[in-house]
Amino acid sequence: MTIVIGEAFQHVERTLIGCRPNTSSVKPVHIANGLFRNILGYTTDTGMLNRFVFVAKKKDGAIPSGHELASIYGELLDNNRLMPEDIQESDIAELRSFLRKVVDADGGVYLHSQDMESYSAGFSGFISRDRVAQDGGELVAELLRLNNSQLYTSIERTIESPRDVITALSLPTLSINQREWVPSFDASTAQFLNKPLPGVPASLLAGLLKAADCLAEHVNLHPNKLVGLRTIVLYACFVVIRHLALLESYYVPNAERRILPFLLDFSPSERHPVARASVMTYTLVCQSISRFYAWALGEYLRTNRLFSIEALRQEPIPAYTQTSASSRERNEAERREIWELAKGESHNSEDPYSVFGQALHDIMALEASGNPIAYLRQLGLRSGLLRPPDNFHPSKRFAVQQDMLEVLVRGAVKPGECIDLPSLQARFLERYGVIIGGRREDEANLVGIGAYQADSNALADNLKAFATRLSRLGFAKLLADGVLRVELEG
Amino acid sequence: MAWPTRLFWPEFAHRLLAKVQRGLPALSLECDATRRLWQFMEQLDEPSWDFDEITIKLLDPATKSQLAVTVDVESRQYLTISKGD
């Protein structure tokens, strides 16, 4: 019997992770669509909007059937969605071009027939059945729902309101017909949502939910609905990334106290010790995810497939999918080498199942363009948590863009609240597992996980740069006695 | 007001002019100071929803073209679409 790697991964995703981090195409717009549709419990027919904004295929300029200008104009006319005496076909052509740029700002709009369209907008009429990379957002919705988060009700109320300019601009192309939506992936069955977690990761998860409630207060007060939703989506992206970085501590024995912090880098150069230490914390997170998969796939082999170690040592090279099990696959030599090495190593390992689990993970990384680490990297880059964005630097660091920093601060400080900088740092650690430096325990924390690059002076500089950034954002004021006061207006 | 509105005008103006000198369109800038300006505008750009008709003015920063679209939000109908100001 050949082991099918795809089935093993699906089992791990369904029972342990609660989403499928298996594509490097993930974007915040996908997380948003998944989050919103899970909360609403339905999608909407976005066919007319898609015909309106999808003018032609990028590849060859071909116009899909039904997307011709005359058809669009006729469709709007037939549905009484325009004033024919005042609007000509050429006006609609102009508007189509503009509207495409607005709702495709994140590059998530594809042909409706492919079920791969997510729109950069914030109203139920834009919620589609996109099947790509949606389940990360669906998982965050599930987490908020199960914990009765205030943010859940904020999203529900906001997303059902048509009062924003993008919705007003698109309103004649939107349908009011709701479509029943059943998630293809049931996030609610993941063990971490249903069983008690070890104390340390449980408290960080509780911290993330505390941040959600704090964020909800800001969102409810802000006059601009779209700004509020953008804040929520970035928060959801952070939660997905933090969740992946916690998997090892949720499940793997003896790892429950190992919370890997994200060191936020505010240093001026990528060669600065803090930048290098931040790269190390990112690398450690990636290694943690690999260790989790090795363990989880090993457990799959141990418990679900009833493989004995002796039987595994006789197994042929695992196949990627059931259909490819009998055919020759790409990278056969590399796959064979990985598998044979695992067989040899299993003789000397205390946990031979994890050795075979690691081999399955390595073969998957070889075969699939999208793997959990690539997923985390892309989502981190696109949501403004990681830098640099180019492919020349495979090692990323936690260097937040302004939008993401605002979200983290708003999740830590309530509207009208006033705290000092050490208190903000304590909340960052408690709610996000994020450190900045400048406190003795930060340096000890970094040394404890093996990130030695930044000494206390370098970390103190990082804290100063962070304080300057907060001041520039209008979130902090330096008082006459030298104390920095963090304050968000209420 | 819920969100801070303070702008650092000297820094913003300095950075903006430096970028403009290099030919970058002002609206595609991403520096901290510009984002502060966007935040300020985001608080102001919420239209009044007390009317059935709303006019939305669009500016494409890449092509500089403009479009004004009037929508009847009750009947979900485009009323007028006009180029320019």
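# Strands, cores and cysteines

Trainee: In which sense do strand 8 (residues 476-478) and strand 9 of chain A pair, and over how many bridges?

Mentor: Helices (H or I, at least four residues) and strands (E, at least two) are DSSP runs, numbered from the N terminus, and two strands pair if DSSP finds at least two bridges between them. Within this pairing, A:Leu478 stands opposite A:Leu484 in strand 9 of chain A. In this predicted model, the sense for strand 8 and strand 9 of chain A is antiparallel, and the number of bridges is three.

Trainee: What pLDDT is required before side-chain atom pairs count?

Mentor: Residues are numbered from 1 along each chain as its sequence is written, while chains are lettered from A and ligands numbered from 1 in the order in which they are written. Side-chain values use heavy atoms, leaving out hydrogens and water, and, in this predicted model, totals for chains, interfaces and linings use all residues, local features need pLDDT of at least 70, and side-chain atom pairs count only at pLDDT 80 or more.

Trainee: Which are the edge strands of the open sheet that contains strand 9?

Mentor: Strand 6 (residues 418-420) of chain A also pairs with strand 9 in the antiparallel sense, over three bridges, with A:Cys418 opposite A:Glu487. The three strands of chain A form an open sheet in the order 6-9-8. Those that pair on one side only, and are thus at the edges, are strand 6 and strand 8 of chain A.

Trainee: Which residues make up the covered face of strand 9 (residues 484-487) of chain A?

Mentor: The strand has two faces. A:Arg485 and A:Glu487 belong to the uncovered one. The covered face consists of A:Leu484 and A:Val486.

Trainee: At about what angle does helix 18 (residues 421-432) of chain A run to strand 6 of chain A?

Mentor: Axes are lines fitted to C-alpha atoms, for helices over the stretch in contact (heavy atoms within 4.5 Å), and angles run from 0 to 180 degrees between N-to-C directions. Helix 18 lies across strand 6 and strand 9 of chain A. Its angle to strand 6 is about 90°.

Trainee: Which helix supplies the largest share of the largest nonpolar core?

Mentor: A nonpolar core is a set of buried Ala, Val, Leu, Ile, Met, Phe, Trp, Tyr and Cys residues joined through side-chain atoms within 4.5 Å; buried means under 20% relative accessible area, exposed over 50%, and partly exposed in between (1.4 Å probe, protein chains only). The largest core has 134 residues, and those with the most contacts inside it include A:Leu35, A:Phe292 and A:Phe428. A share of 17 residues, the largest, comes from helix 11 (residues 225-251) of chain A.

Trainee: Which residue of chain B is named in the second, separate core?

Mentor: This second core has 35 residues. It includes A:Ile87, A:Leu111 and A:Ile166. The residue named from chain B is B:Ile81.

Trainee: Why is A:Cys237 not bonded to A:Cys19?

Mentor: A disulfide is a covalent bond between the sulfur atoms of two cysteines. Here it is assigned to a pair of cysteine sulfur atoms within 2.5 Å, and the count over all chains is zero. A:Cys237 is buried, at 0% relative accessibility. Its sulfur has no bond to that of A:Cys19, the closest cysteine sulfur, because the distance is too far, at 12 Å.

Trainee: Is A:Asp115 buried or partly exposed, and with what relative accessible area?

Mentor: A:Asp115 lies in the loop between helix 5 (89-103) and helix 6 (135-146) of chain A, and has a positive phi of about 55° although it is not a glycine. Most residues other than glycine have a negative phi, and most peptide bonds are trans. A:Ala133, in that loop as well, also has a positive phi, near 55°, and is buried at 7%. A:Asp115 is partly exposed, with a relative accessible area of 24%.

Trainee: What is omega for the peptide bond from A:Arg387 to A:Pro388?

Mentor: A:Pro388 is found in the loop between strand 4 (386-387) and strand 5 (397-398) of chain A. The peptide bond leading to this proline from A:Arg387 is cis, with omega near -10°.

Trainee: What pattern does chain B follow along the sequence?

Mentor: Chain B has 85 residues, of which 38% count as buried. It contains two helices and three strands. Read along the sequence, the pattern is α-α-β-β-β.
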